[in-house]
Amino acid sequence: MTIAAASVTPGGETQAGAQFNAYGIALVLLCLLVAMTEGYDAVAMSLAAPILSKAWAITPKATGVLLTASVVGMMLGSFLLAPLGDRWGRRPTILISLAVAGLGTLAGAFVHQFNSMLAVRIIAGIGLGSAIPNILAIAMEVAPNRFRTFTVVLVSCGYPLGAALGSTLVVPLALQHGHAAIFAAGGIGTLAAALLCVVLLPESPSYMRYRPRLAAKLARLSARLGWPAAMPETAPEPSIRGQSAVRALFSRDYIAITLLIWLVGFANMELLYFFISWLPSLLVAKGLGLDAAINANAVFNSAGIVGGLLLANAVNRWTSTYVFGACYAVALASIIFFAAQSGGALFWLTITLCGAFVAGTNSCFNAVVNQFYPAMIRTTGAGYAAGAGRLGAITAPLIGGWVMEMSSSVELTFAVAAIPAVVALVAIILLHTATTFSHRISQRLTGE
């Protein structure tokens, strides 16, 4: 199955030869910055976990609940708020979401009790869960056709980039000021990104495309991007006309797409969040110092950036299911070897491979998901796919905490991560064998 990018401009004109101009590049970089806020927030609790478990004397199972809190919020945001981008517009949805996420994260710096921390982490997650699907949609829509896959993967790489930079920069602050520094840095960064979006972020081209009252704004945006003048259309794609975006996801044309994406996304996110949530705590429990554990976390996420960008090129060249299948196979082998390591060159090699083929595959899969659906239901489809993936992300910290508490074996807890890798590999094989699904995807994407 080869997945091709959609090939229309906001106004429907073919722009196969279009290039990025300075304004388009600036918008993509802004989207990347927003994605970095989620990446940092995703690891903020895992960075704080070793500090809080000691300061608050909480069990590994309770730590797992804290690690899950923001993921629960992200799932709620993906299902409940992300679809508002298709109804209200992606720009206002992003601005509201980032404000909620920033304030929720910042509040964590002033919390000194378990239940209060649980509440503010859920609030922060709700904001981030609704912001990211909308920001990925805008990133794809402002990119010329032949750069769309790479652009979405690049923005998705903001996730591991934010995690890696955050892990590196926050170490001295965390060692001196504890968990307050970790959450203060994340909250201030997210609110700063929100202010930049107020000034610089335009409305989604595809959202304006079907609203004649926004024709003047659409024309100005097209001109700034260097595209032909875009004329609004009055009707959505024929396949979803007369349906709500949510209902369209489960229509005869899209239900197979939706369910298969959810299955792969669930296993993919469970695998990723196991590492994001438990890597620093498990390495500290294995005898590494906090600084070494945080550095390992930075290596994992940095490798994810490189892996995601390389995989974006691979997906454009080869059958995507072959690429994902190979990635999950390598990830499975790397996890098994990594579980037995406690230092040395093999330790750093296997953590690098885990990052490249776990975090990297997640970034690349995000790009593919955005291209499965037509413009009028794109953020709903991506948001619901992210929500389904968050179910896997929720189970990962809880299972890790349960295994750690029941067995007290760091090696066994790491080895549990091999299970979602197997599930993801099987899901990709099933996706590849669904030949009618492959044919419909190719037809729909080339005809959007």
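## Exercises on a predicted model

Of the 96 residues in the largest nonpolar core, the ones touching the most other members are M117, L272, Y273, F275, L283, F300 and F338. Keep in mind that this is a predicted model. Grab a pencil and let's go.

**Exercise 1.** Find out which helix gives the most to this core, and which residues M117 is in contact with.

*Solution.*
- Step 1: Start with the helix. The top contributor to the core is α12, residues 255–285, with 16 residues.
- Step 2: Now pick M117 and skip its neighbours within four places in sequence. What's left in contact with M117 is M45, L52, W56, L66, G108, V111, H179 and F183.
- Step 3: Look for another core apart from this one. There is one of 30 residues, and V34, A35, I135 and A194 are among them.

**Exercise 2.** Work out how many disulfides the structure holds, and why C31 isn't in one.

*Solution.*
- Step 1: Recall the cut-off: two cysteine sulfur atoms have to be within 2.5 Å to make a disulfide.
- Step 2: Check C31. The closest cysteine sulfur belongs to C197, and it sits 7.4 Å from the sulfur of C31, so that's too far for a bond.
- Step 3: Count up for the whole structure: you get 0 disulfides.
- Step 4: Are C31 and C327 buried or exposed? Buried means under 20% relative accessible area. C31 comes in at 0%, so C31 is buried. C327 has 2% relative accessibility, so C327 counts as buried too.

**Exercise 3.** Describe the largest pocket: its volume, its lining residues and the elements they come from.

*Solution.*
- Step 1: Begin with the volume, which is about 390 Å³.
- Step 2: List the lining. It has 16 residues, and R91, L201, P202, E203 and K217 are the ones that lie nearest the pocket's centre.
- Step 3: Find the elements giving two or more residues to that lining: α8 (179–200), α9 (205–209) and α10 (215–225). The largest share, 4 residues, comes from α10.
- Step 4: Sort the lining by type. You'll find 11 nonpolar residues, 5 charged ones and no polar ones.

**Exercise 4.** Say what stands out about the phi of A57, where A57 is found, and whether A57 is buried or exposed.

*Solution.*
- Step 1: Read the backbone angle. A57 has a positive phi, about 55°, although A57 is not a glycine.
- Step 2: Place A57 in the chain: it's in the loop between α1 (22–55) and α2 (60–81).
- Step 3: Check the surface. Exposed means over 50%; A57 has 65% relative accessibility, so A57 counts as exposed.

Note on methods. Residues numbered from 1 in each chain as written. Predicted model: local features only at pLDDT ≥ 70, side-chain atom pairs only at ≥ 80, totals over all residues. Heavy atoms only, no water. Buried < 20%, exposed > 50% of the residue type's maximum accessible area, 1.4 Å probe, protein only. 1 Å grid on protein atoms, 1.4 Å probe; cavity = no way out; pocket = protein on both sides within 12 Å on 5 of 7 lines; lining within 4 Å. Points joined across faces, edges and corners; volume = space filled by probe spheres on them. Nonpolar A, V, L, I, M, F, W, Y, C, P; charged D, E, K, R; others polar. Core = buried A, V, L, I, M, F, W, Y, C linked by side-chain atoms within 4.5 Å. Contact = heavy atoms within 4.5 Å.
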